[in-house]
Amino acid sequence: MDIDVTGIPLYDILTTPHGGRSAFAHEKIPKGSPVLHCSAPYASVIFWKFRREVCAWCFAYAFESGKRKWNIKLGEDHRGAGGAWFCSEGCREACIRENEIFEGQGIGWWLEINGAFERLVAQMGKSGKQDRKPTGRSTPAGALAYLEDTTIKDLTPEYVDRAWGLAEEVAAEESSHERKTKWTEVLNELEIDTARFVLDGLVRKAVEDINPTFSILDRVTDAPGYCMGAGRWSNLLELQDNEVALELSKPYMLASSIRVYRFLRHLATSLSKQAVRSSPHIQETSPLIYLADQLRTSLATSSAARSLMGRDHGNTFGIWDMVSDDKGSEMLGWGAYVFGSYF
Ligand SMILES: [Zn+2]
């Protein structure tokens, strides 16, 4: 594994008799001993309504510091600008430092991607009709409408693969359609948050592909005990894929996951157009052009998005406020802390 670690692990990751893998202690570990410190999730999402209240870097919750929201900001302060909020200048600087993929070029690309996402969400359902089901036969997505009625007995691996194959064809047609620039289908709150989570993972994967020495992947803290970074795409893929198990318990998740995939592919296409508009000279190597290209490549098939969604279920951790349990804490988002998933 090409990942920096500090400290010595108190456990091994071993195959369990009932399948999958788990953490097994070397010896009796005293209560309260730190066993693993993960510096960052590979992919995460903070719920939209908390975006001004939760630090985009360290996830500190403003409410616990007696504040209604954080006021250190990156980006323009208007809707659709893709801004991010921080608890301190230190966190804002760390975010810029750790996300700058080309030295000295800043992280405007990150704000552009977030902004494009926000604008697509704001645009949803503004076509006049609440377009939840892709039923219109005249639209390419009409071919996917049957998935909304999927039942448990339909859910064979062949049915799922055929549905995804069709989704890729539909998404290709949608993104090649010259006139179609708007996304009108309404995603529910969970789908929007899932799309953010998947986008975060795909961005991290893209950054890893562009710049394999990117520090956040291996960044470890100097916390006591065994420390790991966010990990890499290959580490994420080692986690158990629960796609089919999730769909068998909730058959509607197949149509839902496909909607998230098509939405992200539409986003990647609009980002590419936007990147070219803002940098008309092909030779110009703007980080956004690189990122948009990488995202389009990642989404040209459904494989990477499916990998993330299949591992989201059963492997991710809630990001909670730190209020003691008896007062009832609130979940602020979720994240895939790859190396923590074996516990
Ligand atoms: Zn912070």
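These legends walk you through three close-up views of a predicted model.

Residues are numbered from 1 along each chain as its sequence is written, and side-chain values use heavy atoms, leaving out hydrogens and water. Local features need pLDDT of at least 70 and side-chain atom pairs count only at pLDDT 80 or more, while totals for chains, interfaces and linings use all residues.

**View 1. The zinc ion and its four cysteines.** Here C55, C58, C87 and C91 each offer an SG atom to the zinc ion at 2.3 Å (donors are N, O and S atoms within 2.8 Å of the metal, or 3.2 Å for Na, K and Ca; water is not among the atoms, so sites may look incomplete). The arrangement is tetrahedral because the four donor atoms subtend angles of 105 to 115° (all angles must lie between 85 and 135 degrees). Along the chain, the donors follow the spacing C-x2-C-x28-C-x3-C.

**View 2. The loop between β4 and β5, with F59.** In this loop, F59 has a phi near 65°, a positive value in a residue other than glycine. F59 is buried, at 17% relative accessible area, whereas C58 is partly exposed at 41% (buried means under 20%, exposed over 50%, partly exposed in between, with a 1.4 Å probe and protein chains only).

**View 3. L264 in the largest nonpolar core.** This core has 91 residues, of which W109, F263 and L264 touch the most other members (its members are buried Ala, Val, Leu, Ile, Met, Phe, Trp, Tyr and Cys residues joined through side-chain atoms within 4.5 Å). Leaving aside residues up to four places away in sequence, L264 touches F117, A195, V198, L199 and L299 (contact means heavy atoms within 4.5 Å).

How values were computed: Tetrahedral: all angles 85-135°; square planar, octahedral: opposite > 155°, others 65-115°. Helix = DSSP H or I, 4+ residues; strand = E, 2+ residues; numbered from the N terminus.
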